[in-house]
Amino acid sequence: MLKHEENEMLTRVGPGTPMGELIRRYWIPAAFSHQIPDCDGPPVRVRLMCEDLVLFRDTQGRLGLLEERCPHRTASLFYGRNEESGLRCVYHGLKFDVHGNCTDLPCIPQASDEERARTALELKTRSYPCIERGDVVWTYMGPPELQPEFPELEWALLPAEQRFASRHIQECNWLQGLEGGFDATHLTFLHGGDAEKSRRIVATLYEVMATDFGFIVGTGRDPGEGDIMWNMNVMLMPFHKIISSRPHAAHVWAPIDDENTMLYSINFHPSRPLTAEDLARETSFRGIHTENYARSDHAIRNKANEYLIDRKLQASGKSYTGMKGLGTQDCAIQESMGPIADRSKEHLLASDAAIVKIRRLLRQTLADHAAGKPLPGMNPESFRVRSARCELPRGVPLGDAMKDAVRLEHMPPTA
Ligand SMILES: [Fe+2]
């Protein structure tokens with residue numbers, strides 16, 4: 001349980017908020033590259049971190065991410081003409097380049113060159129630098145002098161044929177998604193079949209360790225005899241998870257605003273192209289991707305249609321929820337907690353130990369950021385990690401000695 005102020009501090013991401021400023025210190029996914037394939041092609045709207053922006057690819061192929069509102073009369077640049085190295089507002093013809101500079105003012109032909117130059121300076125609009133990695137356009141919205149190198153995020157650095165990515169909007173705060181992603185206990189219930197069977201393998205040991213990339217969430221299952229089986233899931237600052245599966249997988253919970261999140265879901269193989277079988281399995285109801293309308297960010301099974309819950313299926317014991325798709329199950333239950341879950345109304349149990357520790361670490365990171373201390377994940381090499389498993393004798397905690405087990409250089413090559 002959190003105090004109201006603590007909940008606000010962890011969840012809100014608008015400009016000037018503690019978490020908003022912390023997340024702005026990292027690269028944030030803004031769009032897929034395929035949404036803006038062509039130079040001088042149509043721009044797209046991007047809402048990110050409570051800011052309304054417009055993304056375009058200019059004549060030279062450079063990416064521009066500008067405040068959506070034209071600084072002249074606040075019209076939307078989304079309707080603009082993308083031509084000759086800039087985006088032109090169709091209201092009065094003002095033009096902006098990818099850096100937000102006003103490069104043409106055709107509506108004041110009477111102005112002197114000097115006047116025109118001064119006005120153009122006043123009209124410089126907000127712009128954010130962009131980079132393309134892994135068929136995703138990433139942006140940096142923090143202080144320019146603190147812009148980090150792009151991290152060595154494994155899936156984003158592979159050839160396109162070794163990766164498959166999708167995204168959809170989740171109608172709730174980003175932290176609900178992230179907490180759900182690291183809540184090991186829910187796997188045996190929310191995503192389970194027969195209830196009695198699943199209760200037998202619930203994790204009972206929880207450790208969360210701070211690292212140079214973010215943290216490791218360790219959950220231990222006790223098989224009754226022999227060693228404890230630990231899963232070590234990695235959280236890469238500020239909103240990435242690498243999922244241990246075959247092929248490997250990842251999630252990114254990118255805040256659209258306080259009450260909406262763009263969930264990116266990725267499968268990848270480090271050494272070979274994904275096969276048709278891989279893709280068929282991963283895009284089925286057993287995979288991490290949520291069924292979307294074609295070319296839409298909206299899931300087919302959503303809040304408005306009660307996620308197409310099938311009560312007969314639920315009663316049959318084959319599905320705990322009666323909802324099809326792991327992604328839909330997560331989305332449904334996280335959205336059901338409200339647009340921003342009120343954590344002051346919770347009653348946490350022993351099985352929530354990892355969630356408590358994650359919140360504690362996030363609050364510590366906020367405090368470190370406020371104090372100007374170094375942040376995790378700033379060294380690009382620190383992101384060279386994957387989730388991993390290990391077995392330890394009963395009574396031996398998952399300690400610092402296991403931290404190296406998640407580093408790529410300590411992993412066996414993937415078949
Ligand atoms: Fe889940």
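Tutor: A salt bridge here is a side-chain nitrogen of Lys or Arg within 4 Å of a carboxyl oxygen of Asp or Glu. Keep in mind as we go that the model is a predicted one.

Student: How many salt bridges does the rule find across the interface of domain 1 and domain 2?

Tutor: Side chains of opposite charge can pair when their charged atoms come close. Across the interface of domain 1 and domain 2, two such pairs are found, while the structure holds 31 salt bridges. One of these 31 joins the side chains of Arg 384 and Glu 152, with an N to O distance of 3.7 Å. Arg 384 sits in the loop between helix 9 (353-370) and strand 19 (388-392), and Glu 152 in the loop between strand 11 and strand 12 (163-170), so this pair ties together parts that are 232 residues apart in sequence. Another salt bridge is formed by the side chains of Arg 47 and Asp 257, at 2.9 Å from N to O.

Student: Which residue ranges belong to domain 1 and domain 2, and what area is buried between them?

Tutor: The size of an interface is often given as the accessible area lost when the parts come together. The domain assignment of this chain gives domain 1 as 27-146 and domain 2 as 154-410, and their centres, taken over C-alpha atoms, are separated by 34 Å. The area buried between domain 1 and domain 2 is about 1,300 Å², with carbon and sulfur atoms giving 63% of it. Of the area that domain 1 buries against domain 2, 33% is supplied by Pro 29, Phe 32 and Arg 47, more than by any other three residues. Counted by contacts, 16 residues of domain 1 meet 17 residues of domain 2.

Student: Which protein atoms are the donors of the iron ion, and how is the site of the iron ion classed by its angles?

Tutor: Ideal angles at a metal are 109.5 degrees for four tetrahedral donors, and 90 or 180 degrees for six octahedral ones. In this model the donors are NE2 of His 186, NE2 of His 191 and two OD atoms of Asp 330, lying 2.0 to 2.5 Å from the iron ion. The angles among these four donor atoms run from 56 to 157°, and the site is irregular. Along the chain the donors follow the spacing H-x4-H-x138-D. His 191, in the loop between helix 4 (174-181) and helix 5 (195-199), and Asp 330, in helix 8 (residues 326-336), are 139 residues apart, so that the pair links distant parts of the chain.

Student: In what order do the strands of the open sheets stand, and which strands are at the edges?

Tutor: One open sheet has four strands in the order 5-6-7-8, with antiparallel pairing. Strand 5 (81-82) and strand 8 (102-104) each have a single partner strand, so one side of each is left without a neighbour in the sheet. Within this sheet, two bridges join strand 6 (residues 87-88) to strand 7 (residues 95-96), and Arg 88 stands opposite Lys 95. Four strands also form an open antiparallel sheet in the order 2-3-4-9, whose edge strands are strand 2 (44-48) and strand 9 (127-128). Strand 4 (residues 63-67) is joined to strand 9 by two bridges, and the bridge partner of Leu 65 is Tyr 128.

Student: What do strand 10 and strand 11 form?

Tutor: Strand 10 and strand 11 form a hairpin with two residues between them, and Gly 134 in the turn has a positive phi of about 65°. Four bridges join strand 10 (residues 130-133) to strand 11 (residues 136-140) in an antiparallel arrangement, with Ile 131 standing opposite Trp 138.

Key
Residues numbered from 1 in each chain as written. Predicted model: local features only at pLDDT ≥ 70, side-chain atom pairs only at ≥ 80, totals over all residues. Heavy atoms only, no water. Donors = N, O, S within 2.8 Å, 3.2 Å for Na, K, Ca; no water. Tetrahedral: all angles 85-135°; square planar, octahedral: opposite > 155°, others 65-115°. Pairing = 2+ DSSP bridges. Domains from an automatic or database assignment. Contact = heavy atoms within 4.5 Å. Buried area = accessible area lost by both parts, 1.4 Å probe.
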